[in-house]
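Please look over the sequence and the model that follow, and keep both in view while you read. The paragraphs below go from strands to sheets, and then to the helices and rings.

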Amino acid sequence: MAETIALVGGETLLGRDVVEVFGESSVGQQLRLVAAAQEEAGKLTVVGDTPSFLTKLDPDALEDAAIVILAGSRESSKEAVEAKPSGLIIDLTGYLEDNPDAQLRSPLVETGDSRTDESGPQIVAHPAATAIALILARLHRAYPIARAIVHIFEPASERGKAGIEELQQQTVKLFAFQTMPKKVFDAQAAFNMLPQWGEEAPGTLLEVEERIERHLASLLERMESVPMPSLRLIQVPVFHGYTFSFWVDFEENVTAADVEETLMGDPFDLRTAGMEAPGNVGMAGQSGIAVGAVTPDRNSANAIWIWAAADNLRIVAESAALIARESL
């Protein structure tokens, strides 16, 4: 009999991506969807081509699961952990990040000889940290990096359905000259770029930036002496998908053609001159990282600019699927 995988938060944006990724293989048949919110329990959804009901979050929903994936809110993650499931926990919410037994995981970055410890919760690395690590590691292996700066453009979907809905409502209200909702960002996110959220927002953009930095530092530490870049996180008025602007200063003179050649092949989708430039819209629902607009810095002999885009939810969902397959 196949082992059960309980997905807490099967109704969330992230949960739906997890369902879609798992549904692409036979592992999807092992999913048990558990609602993160009480009002969602009992609703009908689909895993692959099979109808499935969202189960109420309680100890009975988790006790026989070989794997429990946390993809809801921090509150639902807390409730799931307090139920003391016996199976391996794969945390996509960061709730268990401070657990001393937790292991930060990024299977897309990990090499074949990476040693993993599944005795504690598996914390899936922030998707921006994974994307940045993949690009810098590939470049550094070919041409040693002296230093780098990465601007990260944060989408509303990182705040879940609430973030998407608030950005959409703000856009509509602005055109109607009406008061905008600001429960999520406590600031005008529509048609605006922000270095921070308002004071009444539940959390800060700096906390997100620091989390990306911690995860990236941990991932790069496991690699071949890849230097830690300077990061800046900016909230942008897009619904979905990360974009990145890389400034990479190499130890020797490197051409744009050298960098493009290095970034060919999985997991990268290289967009050269004459092709559609990488963008968050084009990467929605897609695996990998689109890279392009590779341009020399006219004021720094060894530096190159690179633009990249990736689906934030897809990276996390695929990471969860890879960890689950390792464990079954």
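Which residue in β5 is the bridge partner of Val-8? In this model, which is predicted rather than determined by experiment, the partner of Val-8 is Leu-70. The two residues belong to a longer pairing, since strand β1 (residues 5–8) and strand β5 (residues 67–70) run in the parallel sense and are joined over four bridges. As a general point, the strands of a sheet pair through backbone hydrogen bonds, and the pairing may be either parallel or antiparallel.

From this pair we can widen the view to the sheet that contains it. Six strands make up an open sheet, and if you follow them across it you meet the order β2-β1-β5-β6-β8-β7, with parallel pairing. At the edges stand β2 (31–34) and β7 (103–105), and each of them has a single partner strand, so one side of each is left without a neighbour in the sheet. Neighbouring strands here are turned by 25 degrees against each other on average, if direction is ignored. Helix α1 (residues 13–22) lies across β1, β2 and β5 of this sheet, and runs at about 155 degrees to β1.

A second sheet can now be read in the same manner. This open sheet has six strands in the order β10-β9-β11-β14-β13-β12, and its pairing is mixed. Its edges are formed by β10 (230–235) and β12 (268–271), which have a single partner strand each, so that one side of each is left without a neighbour in the sheet. When direction is ignored, neighbouring strands of this sheet are turned by 20 degrees against each other on average.

Strand β9 is a good place to see what mixed pairing looks like. On one hand, β9 (residues 145–154) pairs with β10 in the parallel sense over six bridges, and Val-150 has Leu-231 in β10 as its bridge partner. On the other hand, β9 and β11 run antiparallel and are joined by eight bridges. Phe-153 lets us follow both pairings from one residue, for its bridge partner in β11 is Thr-243, while in β10 Phe-153 stands opposite Ile-234.

Let us turn to the helices beside these strands. The axes of helix α4 (residues 127–142) and helix α6 (residues 205–221) come within 8 Å and cross at roughly 40 degrees, and the two helices are therefore oblique to each other. Their crossing is right-handed. Where they meet, Ala-128, Ala-129, Thr-130, Ile-132 and Ala-133 in α4 touch Ile-212, His-215, Leu-216, Leu-219 and Leu-220 in α6. Sorted by class, this contact has eight nonpolar and two polar residues, and no charged ones.

Finally, consider the rings, of which the structure holds six aromatic pairs. In one of these, the rings of Tyr-143 and Phe-250 have their centres 6.4 Å apart and their planes at 85 degrees, so the pair is edge-to-face. Tyr-143 lies in the loop between α4 and β9, whereas Phe-250 lies in strand β11, and the pair therefore ties together parts that are 107 residues apart in sequence.

Conventions. Residues are numbered from 1 along each chain as its sequence is written. This is a predicted model: local features need pLDDT of at least 70, side-chain atom pairs count only at pLDDT 80 or more; totals for chains, interfaces and linings use all residues. Side-chain values use heavy atoms; hydrogens and water are left out. Axes are lines fitted to C-alpha atoms, for helices over the stretch in contact, and angles run from 0 to 180 degrees between N-to-C directions. Angles under 35 degrees count as roughly parallel, over 145 as roughly antiparallel, 65 to 115 as roughly perpendicular and the rest as oblique. A crossing is left-handed if the near helix is turned anticlockwise from the far one by less than a right angle, and right-handed if clockwise. Contact means heavy atoms within 4.5 Å. Ala, Val, Leu, Ile, Met, Phe, Trp, Tyr, Cys and Pro count as nonpolar, Asp, Glu, Lys and Arg as charged, and the others, Gly among them, as polar. Two strands pair if DSSP finds at least two bridges between them. Rings of Phe, Tyr and Trp (its six-membered ring) pair if their centres lie within 6.5 Å; planes under 30 degrees apart count as stacked, over 60 as edge-to-face and the rest as tilted.
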